[in-house]
Structure formats: C-alpha cells, structure tokens
There are 2 protein chains.
Amino acid sequence: MLTLYYYPGSCARASHIALREAGADFDLQLVDFASAEQHAHAYRQINPKGRVPALATPRGIITESPAILAFIAQSYPAAGLAPLDDAFEFARLQAFNNYLCSTVHVAHAHIRRGERWADDEAAIAEMKRKAPQVMHECYSFLEETFSDGPWVMGDSYSIADPYLFTITTWLPLHRIESTDFPKIHDHLQRMLQRPAVQTAIAMEQAD
Amino acid sequence: MLTLYYYPGSCARASHIALREAGADFDLQLVDFASAEQHAHAYRQINPKGRVPALATPRGIITESPAILAFIAQSYPAAGLAPLDDAFEFARLQAFNNYLCSTVHVAHAHIRRGERWADDEAAIAEMKRKAPQVMHECYSFLEETFSDGPWVMGDSYSIADPYLFTITTWLPLHRIESTDFPKIHDHLQRMLQRPAVQTAIAMEQAD
C-alpha cells in the first residue's frame, strides 16, 4: 500500500492525480500547513525536508514530484503514463517536469516563500512584486514550446499533464489569466474534464 | 553522435563526466557565458531557455541536468550508472538529483543570479548575503542523509555522483569549506581520483 502525504492544492496534487490515473491503491494523508505540521517532528521523520509531496511505499519514502511521478508511471506501466521504453522520449518528459520543478515552481515560490532566500522584509517584498512577471515569462515559454496537443507530450497523456495542470491552477495567485496562454488554457480545461482530476480535487477539498 | 553544450565548471560538468563514465562518443561545444553566448540567437535555437547543459542527439535536444543524466544512464546501460530495473531505487536516485536541481542549485543561484527574482539592487544584495547560509543548510541536510558510501546510492556509483561533485565544487564561492561536511568532503576527494572526472576537468579548462 502507498500513502501520499499532501496539502490541498499544493504540488502534491500532481502525484495525487497520477495515482488515480494509474489506478493505484493508496491512502491520502493530510499534512496541515495551517498548523505548520510539515515542520513538526513527526512529519520530519517521514520527510526531513519538511515539504510535500512524500510517497510512503513498502520499501521507503520517495520525495520530489518528478521522481514520484516517474515512480508511479514505472510502477503501473499498463496505465501508459510515460514512454518507458524510449529513453529519448522519457528524457523529453523528464526535462519538462524538471523545468516545472526547478524553474516554474521556484518562480512561484518567490511570491510566498521569499524568506527561504532573504531575511530582509524589503527584499522579500521585492521578490513578491516580481514573481508574477517571472511566472508570466515561464508560461510564455511553455505556451511557445507547447506540443500540438492535446497533451504535453502530444497525443499521449502522461505524468507531465497533472504536474502542468497543478501549477497552472496557481496563476490566479499571481493575478495572471490562463487565457493569456491559449494552449495552456485549453490544457487546463481539458484536464478539468478528466474524472481522476475531478475526484482528486474533491477528495482534497473534503479534508 | 551526441553534442554536449557546456560552460566550464557549470552544472553541465555533471553530464560531461557522466558521458565519459558511460564511454559515450560525443562532442563538446563551449557556450561562452563571458560573451553572453547563451542568450544569443544561435544558441536560443538550440536551447530557448538560454542555459546549459543541452545535449543534442540524433532525435533532438534534451535539456535539464536530471533528464540528461537519466538519458545517459538509460542509453548506456552497460555502464551501470543507474538502477534501471528497480523503480524504487531509480526514484531514490531521481529524488536526489531533483533536490540538487530544484533546491541546492537554486540556493546557489541566489548568490550570482538574483536578478532572476528581483530588480532592486538592495534585494539582490540581500539574496547574495543569505545564499551561503542557505547552501550551508542544504549541505548539512546532504551530510546528515548521506548513504554509508562510498557513493550517493551506497555501493554503486551512479549519475548522482558527478552531479553532487559538480555542485560541491561551488562551495568556495560561498566561502564554505567542504571539510565542514566530512562525508561530502570524502566524496569530493574520491571523485577527484576518477579518470573520467580528471579528464572532464582538463578538457573544460583546455577550451
């Protein structure tokens, strides 16, 4: 049995959706950011980084969204969530997810987590001010380089889709309209029609 | 034939070392940061992100260090650079590389690339001031959670080792001594003894 540690609407939602798409048997475990549970001793035993997602497996814990997503795709090959037999296509997929993780999510984090990189309040405010501009640049790049669709990898739905979808739902925090990016906006709408996505959102909101 | 686009001492060195460890046939192509070549039109045609590394393959370009490293491991399985037949161990490896990419490299980038996230000079100076503290925290985490060695994954040398090594060589920029972290320091010394590492450094410096 797998257990996904998550907070509603966080990047853990990507792994949550992927687990549902894979047909995996898993438990959901809320890590309550509102009470700083991610920094509490009990959760630090699970993920010393104090972040979500973390996926508990019978063999141990996996962290970091791109690693968890690839693990889900490899563990449930019948779901076809990654081009597992093609190193080049797998690398293209991982490169997309790594860009989301190390550039787009990081750009986003500067609007609310500036204290990671500065102590001075004015500097934190300056990062917060610039974050929407950086996010807009990231999404302009994603729009320009998007596949012919309907999915990130083209015809095949993959673990890149729930990850992109999850981060796209953060655009309103930056007062950015997804309609500025027509292909990304269509992707968002298409994702919202998937039962796995609808169920994941409903289950997270119910907690 | 493969071509690796790199700048000496950058994170592209991880992919460079991995290609040598794999016994791959490849060309090296310098992207001269000193003349801002990474932002020039010609290189943007190769990698629109304006970063290194980029790996040109007969089927197209791959970007993002963890994706390139996994591609090398999958393309040269005889080199044994990743646990390719074990989804859990592969995920542990990818989680390590993703932490380097999205947390440690990002922490490092705040000392010299603060303009990515702020325009105000005082804010950029504040990020620069805090970066060594954040890097020290990252390396404390890496030290505490390091395997029993000798390598990141334990007994087996993998694509995580050149990536960790490359970022460890950046510690002096933060005025951090690798000897503060005994396991990491030993890893650094062990890496410096590998012929692939020695050759990679020599070839980059020769350019």
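**Figure 1. A salt bridge from A:Asp119 to B:Arg129 in the predicted model.** In this predicted model, A:Asp119 and B:Arg129 form a salt bridge whose closest N and O atoms are 3.0 Å apart. A:Asp119 sits in the loop between H4 and helix H5 (121-144) of chain A, while B:Arg129 belongs to helix H5 of chain B, so the pair joins two chains. Both partners fall in the middle class of accessibility: A:Asp119 is partly exposed at 42% relative accessibility, and B:Arg129 is partly exposed at 45%. Follow the charges a little further and you will meet a network of salt bridges that links A:Asp119, B:Glu126, B:Arg129 and B:Lys130.

**Figure 2. B:Asp119 and A:Lys130 in a salt bridge.** Here the side chains of B:Asp119 and A:Lys130 meet, with 2.7 Å from N to O. B:Asp119 lies in the loop between H4 and H5 of chain B and A:Lys130 in helix H5 of chain A, so this pair joins two chains. The two ends have their own surroundings: B:Asp119 counts as partly exposed, at 43% relative accessibility, whereas A:Lys130 is buried, with a relative accessible area of 6%.

**Figure 3. The interface between chain B and chain A.** Stepping back from single pairs, 44 residues of chain B are in contact with 44 residues of chain A. About 3600 Å² of area is buried between the two chains, and carbon and sulfur atoms give 62% of that area. On the chain B side, B:Arg59, B:Phe88 and B:Trp117 lose the most area to chain A, together 18% of what that side buries. The count of salt bridges between the two chains is six, and 13 residue pairs are in polar contact across the interface, both residues of each pair being at pLDDT 80 or more. Strand S4 (60-63), helix H3 (65-75), helix H4 (87-109) and helix H5 (121-144) are the elements of chain B that give two or more residues to the side touching chain A. Of these, H4(B) gives the most, with 13 residues.

**Figure 4. Helix H4 of chain A, from its cap to its kink.** H4(A) covers residues 87-112, and for its 26 residues a rise of 1.5 Å a residue leads one to expect a span of 38 Å; the end C-alpha atoms are 36 Å apart, which agrees. At the N-terminal end, look for A:Asp86, which caps the helix with a side-chain oxygen 3.1 Å from the backbone nitrogen of A:Phe88. Further along, H4(A) has a kink of about 35°, centred on A:Val106. Since 22 of its 26 residues are buried, H4(A) is largely enclosed by the rest of the structure.

**Figure 5. Helix H3 of chain A and its buried residues.** Nine of the 11 residues of H3(A) are buried, so this helix is largely enclosed by the rest of the structure. The buried residues include A:Ser65, A:Pro66 and A:Ala67, and also A:Ile68, A:Leu69 and A:Ala70. A:Phe71, A:Ile72 and A:Ala73 are buried in H3(A) too.

**Figure 6. A:Glu64 and A:Lys49, a salt bridge within chain A.** The closest N and O atoms of A:Glu64 and A:Lys49 are 2.7 Å apart in this salt bridge. A:Glu64 is in the loop between strand S4 (60-63) and helix H3 (65-75) of chain A, and A:Lys49 is in the loop between helix H2 (41-46) and strand S3 (54-57), so the pair ties together parts that are 15 residues apart in sequence. Both A:Glu64 and A:Lys49 are buried. Over all chains, the count comes to 16 salt bridges.

**Figure 7. The surroundings of B:Lys49.** B:Lys49 lies in the loop between helix H2 (41-46) and strand S3 (54-57) of chain B. With 19% relative accessibility, B:Lys49 counts as buried, because the cut-off is under 20%. Its side chain makes a polar contact of 2.9 Å with the side chain of B:Thr63. Beyond its neighbours within four places in sequence, B:Lys49 is in contact with A:Ala95, A:Tyr99 and A:Phe141 of chain A, and with B:Arg44, B:Thr63 and B:Glu64 of chain B.

**Figure 8. A:Phe26 in strand S2 of chain A.** A:Phe26 is found in strand S2, residues 26-30, and is buried, with a relative accessible area of 14%. Leaving aside neighbours within four places in sequence, A:Phe26 is in contact with A:Met1, A:Leu2, A:His16, A:Leu19 and A:Arg20. For a sense of scale, A:Phe26 and A:Ala56 are 30 residues apart in sequence and 9.6 Å apart in space, C-alpha to C-alpha.

Notes:
Residues are numbered from 1 along each chain as its sequence is written. Chains are lettered from A and ligands numbered from 1 in the order in which they are written. This is a predicted model: local features need pLDDT of at least 70, side-chain atom pairs count only at pLDDT 80 or more; totals for chains, interfaces and linings use all residues. Side-chain values use heavy atoms; hydrogens and water are left out. Helices (H or I, at least four residues) and strands (E, at least two) are DSSP runs, numbered from the N terminus. The expected span of a helix is 1.5 Å times one less than its number of residues. The bend at a residue is the angle between axes fitted to the seven residues ending there and the seven starting there. Buried means under 20% relative accessible area, exposed over 50%, partly exposed in between (1.4 Å probe, protein chains only). A polar contact is a pair of N or O atoms within 3.5 Å; within protein, one must be able to donate a hydrogen and the other to accept it, and residues adjacent in sequence count only if both atoms are side-chain atoms. Contact means heavy atoms within 4.5 Å. Buried area is the accessible area (1.4 Å probe) that two parts lose on being put together, summed over both. A salt bridge is a side-chain nitrogen of Lys or Arg within 4 Å of a carboxyl oxygen of Asp or Glu.
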